[in-house]
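Dear colleague,

Please find the structure below, together with its sequence. My notes on what was found in it follow.

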Amino acid sequence: MHPGQTIQSIGIISRPRGSNLAVVVPPLLKWLQARGVQTHIDEETAKSLQDGSRGETLPRVADAAQLLLVLGGDGTILAAARLASPRGIPILPINMGSLGFLSSFTMEELHPALDDTLEGRFSLSERVMIGVKLEREGVLIDDQRVLNEAVINKGALARMIQLELTIDDDFVCRYRADGLIVASPTGSTAYSLSAGGPIVHPAVESLVITPICAHTLSDRPLVVRDSSSIQIKLLGNTESVFLTLDGQRGIPLQPTDLVRVSRAKETLKLIQPPKKSYFEILRSKMRWGEA
């Protein structure tokens, strides 16, 4: 789908968590129906209705839609991104969370944004996805796509872990740290930023590698081109270490496990407010310049 193309089918994905979906969703469905738009809602969204609707599974919603309307915060968008990116459909994000770097439309902008989008008047921000592979003794254990970051981190009571970083078959460093983050430019404003990493514009073709509480103060964040092949090996007999994907899935690691990270073939198409620049959104979210 591209700007100028009209939309006839929308999938709606949300995460209730105490939000006012019961107030928002029923009139929204009537509004879309009055405009001849076919809607598909996920099982969580269906719980906000009083008519006993069961909703559909997330993959079915994504398969049937030309567009995913996501009601929630960044966590909801991260989950939706894994559905939308391989199908090539865009996401229209409406912020019902708190900070929301990705959900740049407010609830007050919901209907104007939908009006413009349904008529094909929208701008797309194409975001890099990260491919993450976990290998154990030469066997591929897992293969995932994430929007923000892949993190190797220790459990709450575990000791500092040791990690070996290689980029394009060149040895870079052995870290003693609480963990290591590999983030996309989109993910540079998430966990990586909290760990001291830089903010990277989404259009910059790069990946950010940020150590978490490194033992050596000279171990600093590193920005590399996104065509790089990044390999991280877990060293030693450390217990309670996890590979965490977009903060939503944790995979226990074993000593000598190898994590390979690279730019994925898929990208995420994110609909952005046409009159808001990236820096305006960033300035608002970060509250730059406020006393």
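Does L253 count as buried or exposed, judged by its relative accessibility? Please keep in mind that this is a predicted model. L253 counts as buried, because its relative accessibility is 9%, and the cut-off for buried is under 20%. You will find L253 in the loop between β15, residues 249-252, and β16, residues 258-272. Leaving aside residues up to four places away in sequence, L253 touches L134, R136, I152, L234, V241, F242 and L243. T186, by contrast, lies 67 residues from L253 along the chain, and the C-alpha atoms of these two residues are 26 Å apart.

A second residue to look at is H40, which belongs to strand β2, residues 38-41. Its relative accessibility is 11%, so H40 also counts as buried. If residues up to four places away in sequence are again set aside, the residues that H40 touches are S9, I10, G11, I12, E56, V61 and A64.

The aromatic rings come next. How many aromatic pairs does a search of the whole structure find? The search finds one. This pair is formed by Y278 and F279 and is edge-to-face, with 5.4 Å from centre to centre and 75° between the planes. F279 has a relative accessibility of 47% and therefore counts as partly exposed, since partly exposed covers the range between under 20% and over 50%.

Turning to the chain as a whole, you will see seven helices and 16 strands. Along its principal axes, the C-alpha trace spans about 60 × 45 × 35 Å. Why can the chain be compared with a compact globule? For 291 residues, such a globule would have a radius of gyration near 19 Å, and the chain has 20 Å, so the two agree.

Of the 291 residues in the chain, 51% are buried. Among contacts with a separation of 6 or more, 67% are between residues 24 or more positions apart. The chain exposes about 14,100 Å², of which carbon and sulfur atoms supply 48%. Finally, the chain carries 31 positive and 32 negative charges, and the mean positions of these two groups are 2 Å apart.

When you open the model, I suggest beginning with L253 in its loop and then turning to H40 in strand β2.

With kind regards

Technical notes:
Residues are numbered from 1 along each chain as its sequence is written. This is a predicted model: local features need pLDDT of at least 70, side-chain atom pairs count only at pLDDT 80 or more; totals for chains, interfaces and linings use all residues. Side-chain values use heavy atoms; hydrogens and water are left out. Helices (H or I, at least four residues) and strands (E, at least two) are DSSP runs, numbered from the N terminus. The radius of gyration is taken over C-alpha atoms; the globule rule is 2.2 Å times the number of residues to the power 0.38. Buried means under 20% relative accessible area, exposed over 50%, partly exposed in between (1.4 Å probe, protein chains only). Contact means heavy atoms within 4.5 Å. Accessible areas come from the Shrake-Rupley method with a 1.4 Å probe; for residues, only the protein chains shown count as cover. Lys and Arg count as positive and Asp and Glu as negative; His and the chain ends are not counted. The place of a charge is taken as NZ of Lys, CZ of Arg, CG of Asp or CD of Glu. Rings of Phe, Tyr and Trp (its six-membered ring) pair if their centres lie within 6.5 Å; planes under 30 degrees apart count as stacked, over 60 as edge-to-face and the rest as tilted.
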